[in-house]
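User: I would like to go through the labels attached to this model and hear the grounds for each of them.

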Amino acid sequence: MTHTPGWSSGRGSGDRQRFLRPHENANVYRFRGLSESIRELAGPVVTDIFAAVTRLGDPFFLLAVIAVYYWLSDERGGPAWLVAYTLFAVAVTVSLKNGLALPRPPVDVQAVPAEELSNGFPSGHALGATVVYGGLVAVDDRLQSVSWALGAGVLITLIALSRVVIGVHYVGDVVVGVAIGCAILGALWVVVAERRASVAAVAALCAVPGVVVPHRGTDAFIVLGGCLGAVGVFSLVDPVSLPAADTLVSKVTLVVGGGLLLGGAYGLSFVAGHPLTTVAAGAVMLGVALSLPLVLNALSPRTTANG
């Protein structure tokens, strides 16, 4: 069975599930009936198309988008902000998912089965896509135009809709996910000024509830580790001071080398047996991603001297 990567950890205790009566709630604020109608209207071809679209909101794909944007930008202040926004968003997501422990639609309606232990409310894909693609428009002066904003809006809408079409979320899940993503972008943009380390620290605090409530997944530990890694790097290094990758060789080195290191750390975080090891892997993953330009810059003078 093929699983689509999720943003959540396992379900909570049976008592909490029974108290929340998730299936009855799905009929009301999660719009179960509307969700079923949307799935029925989408034929096999449309469903297959949306199964591909949904990958644009997968956690590792969004991580790759942010990493490449950060590594290749001429000025890393904006990309560093996007990292902080995203950490806060995923921390809120895993804590809400683990805390509420509301299930996804039944497996028999899922065209692309989700992780067996993952929860359904809110939609991490919808929330993450809103913060990442909306954040790109918000932090990059070159993208601050009506056309780019509309393009980001269309992409976010398609990703959110894809989660309903392929049967892994209800309409209410994705609507709330997009709403929380917009609220996070707006609140952080207005409130936090230039304190990236503080945002990462708050994100780490937001991830703690997702770790302590009963669950059986690893996402919350990965997110907590990533937040702590970002706090460390942002506290020691100002991303604005990092030089740009101004040659083709340096850009290829960042993308290829960074991609291998990031992918390795991401994979390690899922196979680590102990929660502390998983937290450490998450910290290494974000630490490597954020500090790699500094490492490359430190090695560049030696390369020039030896040349």
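User: Why is Glu 36 called partly exposed?

Analyst: This is a predicted model. Glu 36 has a relative accessibility of 32%. Buried would need under 20% and exposed over 50%, so Glu 36 counts as partly exposed.

User: What makes the contact of Glu 36 and Arg 32 a salt bridge?

Analyst: The N to O distance between the two side chains is 3.5 Å. The cut-off is 4 Å between a side-chain nitrogen of Lys or Arg and a carboxyl oxygen of Asp or Glu, so the pair Glu 36 and Arg 32 qualifies as a salt bridge. Arg 32 is itself partly exposed, at 22% relative accessibility.

User: Where do Glu 36 and Arg 32 lie with respect to each other along the helix?

Analyst: Both are in helix α3, 4 residues apart, which means that about one helical turn separates them.

User: How many salt bridges are there by this rule?

Analyst: The count is 3. One of them joins the side chains of Arg 30 and Asp 173, at 2.8 Å from N to O. This pair links distant parts of the chain, with the two positions 143 residues apart in sequence: Arg 30 sits in the loop between α2 (22-28) and α3 (32-41), and Asp 173 in helix α9 (residues 171-191). Arg 30 and Asp 173 are both buried.

User: What makes Asp 58 and Arg 55 a salt bridge, and are the two residues buried or partly exposed?

Analyst: Their side chains meet at 3.2 Å, N to O, and the limit is 4 Å. Asp 58 has 7% relative accessibility and counts as buried, because buried means under 20%. Arg 55 has 30% and counts as partly exposed.

User: How do you know that the length of helix α11 agrees with its number of residues?

Analyst: Helix α11 (residues 219-236) has 18 residues, which at 1.5 Å a residue should span 26 Å. The expected span takes one less than the number of residues. The end C-alpha atoms are 26 Å apart, so the two values agree.

User: Why is α11 described as mostly covered?

Analyst: Of its 18 residues, 13 are buried. For the protein of 307 residues, the buried share is 50%.

User: Why is Cys 227 called buried, and what is the label for Cys 182?

Analyst: Cys 227 has 0% relative accessibility, and the cut-off for buried is under 20%, so Cys 227 counts as buried. Cys 182 has a relative accessible area of 43% and is partly exposed. A search of the whole structure for disulfides gives 0.

User: What is the label for Lys 251, and where is this residue?

Analyst: Lys 251 belongs to helix α12 (residues 248-271). Its relative accessibility is 33%, so Lys 251 counts as partly exposed. Between Lys 251 and Trp 71 there are 7.7 Å in space, C-alpha to C-alpha, and 180 residues in sequence.

User: In which helix is confidence lowest, and in which is it highest?

Analyst: Mean pLDDT is lowest in helix α1 (residues 14-20), at 41, and highest in helix α8 (residues 146-165), at 91. Over the protein the mean is 75, and 72% of residues reach 70 or more.

User: Which residues at the end of the numbering have pLDDT under 50, and how many contacts beyond four places in sequence does the model have for them?

Analyst: Residues 302-307 stay under 50, and the model has 0 such contacts for them. Residues 1-5 also stay under 50, with 20 contacts beyond four places in sequence.

Note on methods: Residues numbered from 1 in each chain as written. Predicted model: local features only at pLDDT ≥ 70, side-chain atom pairs only at ≥ 80, totals over all residues. Heavy atoms only, no water. Buried < 20%, exposed > 50% of the residue type's maximum accessible area, 1.4 Å probe, protein only. pLDDT = per-residue confidence, 0-100. Contact = heavy atoms within 4.5 Å. Disulfide = S-S within 2.5 Å.
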